[in-house]
Amino acid sequence: MVWPLPEPVTRLLRVAPIAAVVIVLTNGPVFLFSKSVVDRSGDWEDPAVWPFFVAAAVASAVLAITGRSPAEPLTGSQKAAAAAVAVYSLVAVASALWSVHPFATAWRAAVYVGLGLLAWVVARLEPDDLAAVLFSVAGAAVVGSAVLVVLRPDLGLDSNGNWEGLYTNRNSLAPVAAIGVLVGIRYLATGGRWSRAGGAALAAISVGAMAGAGSRTAWIALLIASAAATGAVSFHWIRSRWGPAAAGASLAAAAALGASGALAALAALWDDPTFSQRRTMWSLVWDRVSQRPLGGYGFYAFWEEIELLDHALLRRGSAHNSLMEVALGLGLVGTVPFLVIVVLAARNAGLHLWRGGDADSWMWAAVVGFVLVENVTESFVLWFSYAWVLLMASALRRLPSGGLSHTAVDAVDADGEAHAPPDPGSRFGV
C-alpha cells in the first residue's frame with residue numbers, strides 16, 4: 001500500500017521548483033555568487049551568470065509543458081494577454097536584427113521568452129500554492145539577507161551602511177521585502193496557528209529588511225498598494241453593515257485622502273536629489289527614444305553602447321522607468337503589447353479583489369499594485385525579473401467566475417429573494 005503524502009509535503013513538491021526559478025529571477029543571489037564566490041565581475045556579460053538564467057528559462061519551459069492544463073478554455077482576456085506576451089517576446093527576439101548591440105540583445109531576448117512561460121505557470125497556480133511560492137521566495141530573500149548582514153556585513157551592507165543583503169543594491173532588496181510584508185499579512189489573516197506564526201515572522205523580518213535598506217520608493221509603493229487593496233475590502237465590509245450609501249461615502253473620502261497624500265508626497269519629493277535625478281534621466285532617455293521611435297535600440301542594447309551614454313546619469317545602466325525602458329529598447333512595436341499587459345494585469349488584479357474579497361485576492365491585488373507602482377521609478381522590465389513575471393501572470397490569470405460578485409452585490413437565490421452577501425471581514429479572520 002502506498003500511503004498518501006501529507007498536504008504540506010505535496011504542496012512543497014509542487015511549489016519548490018517554481019520558487020527556485022523565481023529566486024534566480026530576483027537576480028541578486030546570482031550576481032552575489034559571481035562576485036563573491038567565484039570572484040568575477042558580476043554583470044550580465046559575465047559567463048559565470050549565464051548558466052543560471054539559461055537554466056531558469058529552460059526550467060520555465062519544462063514547467064509550462066509538464067504542468068496541469070487549464071480545466072476550462074481560455075477566456076477572451078486570457079487570449080488577449082497571451083497574445084500580448086507572445087508579441088512582446090517575439091519583438092524582443094526580433095530586435096536583434098536592428099539592435100545596436102546584436103549579441104547582447106539576442107541572448108537576453110532568447111532567455112526572456114522563458115519568463116513568459118514562467119508567467120503562464122504562475123498564472124495557473126491555485127491561490128494557496130501562489131501564496132506558498134511568494135512566501136518561499138520572500139522568506140529566502142529576507143532571511144538570507146539578514147544572515148548576511150549579521151555574519152558578513154562587508155557583503156550585506158553598502159558603503160552607506162544600508163542593507164543590500166543578497167542583492168546588488170538596497171533598491172533590489174527592498175521590493176522583495178515589501179512583497180514579504182504583503183504575503184506575511186495574508187498568512188496572518190488566514191490559516192492555522194503555525195501559518196499565522198510564519199506570517200508574523202515573515203512580515204516582521206521583511207519590515208526590518210525594508211527599514212535597513214532605507215528605500216523610500218519601496219515604502220511609498222507598499223503603502224499605496226496595501227491602502228488601495230484594503231479600501232476595496234473595506235468598501236464591502238461597510239456596505240454589508242451600513243449600506244451602499246455609507247460605503248460609497250467612505251470610499252470617496254478614502255480616495256480623496258489618498259489622492260491628497262499622494263500629491264503631498266509628490267510635492268515633498270519633487271526637489272529631492274533622487275527624484276530630481278530621475279526626472280533629468282527621464283528627459284535624457286526621452287530624447288534618445290525620439291531618435292529611434294519605431295523599433296528602439298534593441299532589447300537592452302542601449303546600455304551596452306558606451307558612445308550613447310554621453311551623460312553621467314545615463315551611465316547608471318537603466319531608465320528607472322519601465323515604460324521608458326521598453327520605448328528605448330523596443331520602440332512603439334514593443335510598447336503597445338507592453339501596455340496591453342500592464343492594463344490587463346491591473347484590471348485582472350482589481351477584479352480578483354472585487355469579486356473575491358478574501359485574503360488571497362487582497363494579497364495578489366496588493367502585490368500587483370506594488371509592482372506597478374515600483375515600475376514607475378524602476379526598470380524591472382529590463383532585467384530577467386520576477387516583477388515582470390508577476391505582471392504577466394496577473395494579466396494571464398483567469399478571473400473568478402460570474403459577472404457580479406457575491407461580495408459586490410446582494411446574492412439572489414433561486415426564488416429571486418435577495419440576501420445580504422457574506423461578510424468579507426470574516427475571511428480575514430476579523
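In this predicted model, the charged end of Arg 108 is placed over the ring of Tyr 300, at 3.5 Å from the ring centre. A second arrangement of this kind involves Arg 186, which lies over the face of Tyr 187, 4.5 Å from the centre of the ring.

Contacts between aromatic rings were also examined. Across the whole structure, 16 aromatic pairs were found. In one of them, the ring centres of Phe 53 and Phe 384 are 4.9 Å apart and the planes stand at 55 degrees, so the pair is classed as tilted. This pair connects distant parts of the chain, since Phe 53 belongs to helix α3 (residues 50-66) and Phe 384 to the loop between α14 (359-377) and α15 (386-396), with 331 residues separating them. Both Phe 53 and Phe 384 are buried. Ring pairs further join these two residues into a cluster whose members include Phe 31, Trp 50, Tyr 88, Phe 299 and Trp 388.

Four cavities of 30 Å³ or more were identified. The largest holds about 80 Å³ of space. Its lining comprises 13 residues, of which Phe 299, Tyr 300, Glu 325, Gly 329 and Leu 382 are the closest to the centre. Helix α13 (residues 322-356) supplies the largest share of this lining, five residues. By class, the lining of the largest cavity consists of ten nonpolar, two polar and one charged residues.

The second largest cavity encloses about 70 Å³. Among the residues lining this cavity are Val 22, Leu 134, Ile 179 and Tyr 386. Two or more lining residues come from each of α6 (127-151), α8 (170-189) and α15, with α6 giving the most, three residues. The lining of the second largest cavity has eight nonpolar residues, no polar and no charged ones.

Terms used: Residues are numbered from 1 along each chain as its sequence is written. This is a predicted model: local features need pLDDT of at least 70, side-chain atom pairs count only at pLDDT 80 or more; totals for chains, interfaces and linings use all residues. Side-chain values use heavy atoms; hydrogens and water are left out. Rings of Phe, Tyr and Trp (its six-membered ring) pair if their centres lie within 6.5 Å; planes under 30 degrees apart count as stacked, over 60 as edge-to-face and the rest as tilted. Helices (H or I, at least four residues) and strands (E, at least two) are DSSP runs, numbered from the N terminus. Buried means under 20% relative accessible area, exposed over 50%, partly exposed in between (1.4 Å probe, protein chains only). A charge sits over a ring if NZ of Lys or CZ of Arg is within 6 Å of the ring centre and within 35 degrees of the ring normal. On a 1 Å grid over the protein atoms alone, a cavity is a set of points where a 1.4 Å probe fits but cannot get out, and a pocket is an open set with protein on both sides within 12 Å along at least five of seven lines; lining residues have an atom within 4 Å of a point. Grid points are joined across faces, edges and corners, and a volume is the space filled by probe spheres set on the points. Ala, Val, Leu, Ile, Met, Phe, Trp, Tyr, Cys and Pro count as nonpolar, Asp, Glu, Lys and Arg as charged, and the others, Gly among them, as polar.
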